[in-house]
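Notebook open, structure loaded. I want to look up the fold, the buried parts and the charged pairs, and jot down what turns up.

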Amino acid sequence: MAAPSGGVNCEEFAEFQELLKVMRTIDDRIVHELNTTVPTASFAGKIDASQTCKQLYESLTAAHVSRDKVIKNCIAQTSEVVKSLREEREKNLDDLTLLKQLRKEQTKLKWMQSELNVEEVVNDRSWKVFNERCRIHFKPPKNE
């Protein structure tokens, strides 16, 4: 699933996580998708597995690129907020509200950065399953 066209709300981490959850649907359902669309040896003549695998490859690639952009965009936005809060904090060391806000944004930034690790695991798992079922039907381009 591609990123929503209306933009991504990076302000609330819970909304950010929910969006990623929805965007990861294709990865969560890849085994089911492959089982229902790529034939076993006994049904090989009834379905064009190479076309099915090609479409799934394109969908997976698009989903992974889209999620990567969303995560990196939110990390960049949150990094800017942290940077500006740090600068404000240096000018006003006694402002405890500012310190709390800075700590909150730093924590959110760390959580967003950890989503890159989660994304790597999700992507690796999906490609492993894809390659197990589609390697004889479809060869992805070498630019990966």
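**Charged pairs, starting on one helix**

I began with K72, which makes a salt bridge to D68, with 3.3 Å between the closest N and O atoms. Note to self: this is a predicted model. Both residues sit in helix α4, four positions apart, so about one helical turn separates them. I checked how covered they are: K72 comes out partly exposed at 46% relative accessibility, and D68 is also partly exposed, at 27%.

How many salt bridges does a search of the whole structure find? I got eight.

**The overall layout**

I stepped back to the chain. I count five helices and zero strands, so in order from the N terminus the elements read α-α-α-α-α. The chain has 144 residues, and 33% of them count as buried. Its accessible surface comes to about 9,400 Å², with 53% of that belonging to carbon and sulfur atoms. I also looked at contacts with a separation of 6 or more: 77% of them are between residues 24 or more positions apart.

**D27 and its surroundings**

Next I went to D27, which is placed in helix α2 (residues 25-28). Is D27 buried or exposed? It is buried, with a relative accessible area of 0%.

I listed what D27 touches, leaving aside neighbours within four places in sequence: L60, H64, R67, V122, N123, R125 and S126. Two of these contacts I followed up. The side chains of D27 and H64 are joined by a polar contact of 2.7 Å. With R67, D27 makes a salt bridge, 2.7 Å from N to O. Since R67 belongs to helix α4 and D27 to helix α2, this pair ties together parts that are 40 residues apart in sequence. R67 counts as buried too, at 0% relative accessibility.

**The R24 to E115 pair**

Another salt bridge I looked up is the one between E115 and R24, where the closest N and O atoms are 3.1 Å apart. What does this pair tie together? E115 lies in helix α5 and R24 in the loop between α1 and α2, so the bridge links parts that are 91 residues apart in sequence. I checked burial here as well: E115 is buried with a relative accessible area of 7%, and R24 counts as buried at 10%.

Then I asked which residues are linked in a network of salt bridges. The list I got is R24, D27, R67, E115 and E119. That puts the R24 and E115 pair and the R67 and D27 pair in a network together with E119. A general reminder for the margin: side chains of opposite charge can pair when their charged atoms come close.

**Nonpolar cores**

On to the greasy parts. The largest nonpolar core has 16 residues, and the members touching the most other members are F16, L20, V70, I71, C74, I75 and M112. Which helices each supply at least two residues of this core? I found α1 (13-23), α4 (49-91) and α5 (96-134). The biggest giver is α4, with six residues.

I picked I75 for a closer look. Setting aside its neighbours within four places in sequence, I75 is in contact with L109, M112, Q113 and L116.

There is also a second, separate core, made of 13 residues, and I30, A49, F130 and C134 are among them.

**The two sides of α3**

I30 led me to helix α3 (residues 30-37), where I30, L34 and T37 are buried. Why do I put these on the same side of α3? They cover an arc of only 85° around the axis, which means they share one side of the helix. On the other side of α3 I find H32 and N35, both exposed. What do the buried residues of α3 pack against? They pack against α2, α4 and α5.

**Wrapping up the page**

For quick reference, I keep these entries:

- D27 has both the 2.7 Å polar contact with H64 and the salt bridge with R67.
- E115 of α5 pairs with R24 of the loop between α1 and α2.
- K72 and D68 pair within helix α4, and both are partly exposed.
- The largest nonpolar core takes six residues from α4, while I30 is one of the 13 residues in the second core.

Conventions: Residues numbered from 1 in each chain as written. Predicted model: local features only at pLDDT ≥ 70, side-chain atom pairs only at ≥ 80, totals over all residues. Heavy atoms only, no water. Core = buried A, V, L, I, M, F, W, Y, C linked by side-chain atoms within 4.5 Å. Buried < 20%, exposed > 50% of the residue type's maximum accessible area, 1.4 Å probe, protein only. Contact = heavy atoms within 4.5 Å. Polar contact = N/O pair within 3.5 Å; in protein donor to acceptor, adjacent residues only side chain to side chain. Arc of directions from axis to C-beta. Areas by Shrake-Rupley, 256 points an atom, 1.4 Å probe, with all protein chains shown as cover. Salt bridge = Lys/Arg side-chain N within 4 Å of Asp/Glu carboxyl O.
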